[in-house]
Amino acid sequence: MLSSMQKAIIQKDLRFFKTTKGNIVSIVIVALMFGVAFPALFIAIMYFTPEDMGDFGDLLGVMPGIVGETDMSLTILSFVLNSIIPAFFLMIPVIATTAMATASFVGEKEKRTLETLLYSPLSLREIFSSKVLSAFFLSMIATVGTFIAYLLVSQTLIYFMFGSLMLPGVNWYITVFLVAPALTLLAVTITSKISAKAQSMEEAFQKAGLITLPIILLAASQFTGLMMLNAWILLIIAALLGIVAFVMMKSAVRNYNYEMLLK
């Protein structure tokens, strides 16, 4: 159970984050881009593209996990929405976590309130866990909220353009409710280490932005067919991310000290 002081820290961090308009804008842009704009654009492309897709249709037919349908447009659309878009979707929890964590950890330094926080009755472990939870809550709110927006927009467009619904496959639910939380915990741990040494939120955010590179490579691999995401692969990824996040978080808590934070 969280103490009242830990809850106060989480509430304070969330209030402070509302004042960092640059970070909020970055989250909104990424959420709209990968959760709404890209899927909507591709749905529209499939609707207006001729059924005879030539070489692209032949290439898609030999890719693993593709099941032929009468309408090639629906086949391609189902593949992209359930295999490629979820990989890009993971950018949302990473960006949200990075933005919140940098604002939370480095923001205390910039506001010169870190010393006051460290002199509170809370231990470093409790302070760290409060900061992690505030970033985790924001990330999951952004992730689930964007997923709901994706469902509303994509299903509405598909229904009016193709006359039927195309509900998300199991990949989506594993991505949103298993992979995203594990990735969030890993990202906030890495970001907290970076933030402990950074002197400004801009510096911490730029360095922590490197966390997105593996996500970009994972998404790119879907186009090349090097590694097609399925439920089992996503479950393995979620388990590995969870284990790595747990180990790194335990290490981060042990290595936290007052001297490092006050540099």
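This is a short dialogue on reading confidence, a surface patch and a buried residue in a predicted model.

Trainee: Where is confidence lowest in the chain, and where is it highest?

Mentor: Start with the chain as a whole. Mean pLDDT is 79, and 76% of the residues reach 70 or more. Then go element by element. Helix α3 (residues 54–61) is lowest, with a mean of 50. Helix α7 (residues 124–162) is highest, at 90.

Trainee: Over which residues does pLDDT stay under 50?

Mentor: Residues 64–70. For that stretch the model has eight contacts beyond four places in sequence.

Trainee: Now the surface. Which residues form the nonpolar patch?

Mentor: Read a patch by its members, then by the elements behind them. Here the members are Tyr173, Phe177, Leu178, Trp232 and Leu235, with about 550 Å² of accessible area together. Two elements, α8 (170–197) and α11 (231–255), each give two or more residues. The largest share, three residues, is from α8.

Trainee: Why does Tyr173 count as partly exposed?

Mentor: Partly exposed lies between the 20% and 50% cut-offs. Tyr173, in helix α8, has 38% relative accessibility, so it counts as partly exposed.

Trainee: And Leu90: buried or exposed?

Mentor: Apply the cut-off again: buried means under 20% relative accessible area. Leu90 has 4%, so it is buried. Leu90 sits in the loop between α4 (72–89) and α5 (91–110).

Trainee: What is Leu90 in contact with, beyond four places in sequence?

Mentor: Thr175, Val179, Ala180, Leu183, Ile215 and Leu218. Also compare sequence with space. Gly35 is 55 residues from Leu90 in sequence, yet their C-alpha atoms are 9.8 Å apart.

Technical notes. Residues numbered from 1 in each chain as written. Predicted model: local features only at pLDDT ≥ 70, side-chain atom pairs only at ≥ 80, totals over all residues. Heavy atoms only, no water. pLDDT = per-residue confidence, 0-100. Helix = DSSP H or I, 4+ residues; strand = E, 2+ residues; numbered from the N terminus. Contact = heavy atoms within 4.5 Å. Patch = residues over 30% accessible without salt bridge, like charges linked within 9 Å, V, L, I, M, F, W, Y side chains within 5 Å. Areas by Shrake-Rupley, 256 points an atom, 1.4 Å probe, with all protein chains shown as cover. Salt bridge = Lys/Arg side-chain N within 4 Å of Asp/Glu carboxyl O. Buried < 20%, exposed > 50% of the residue type's maximum accessible area, 1.4 Å probe, protein only.
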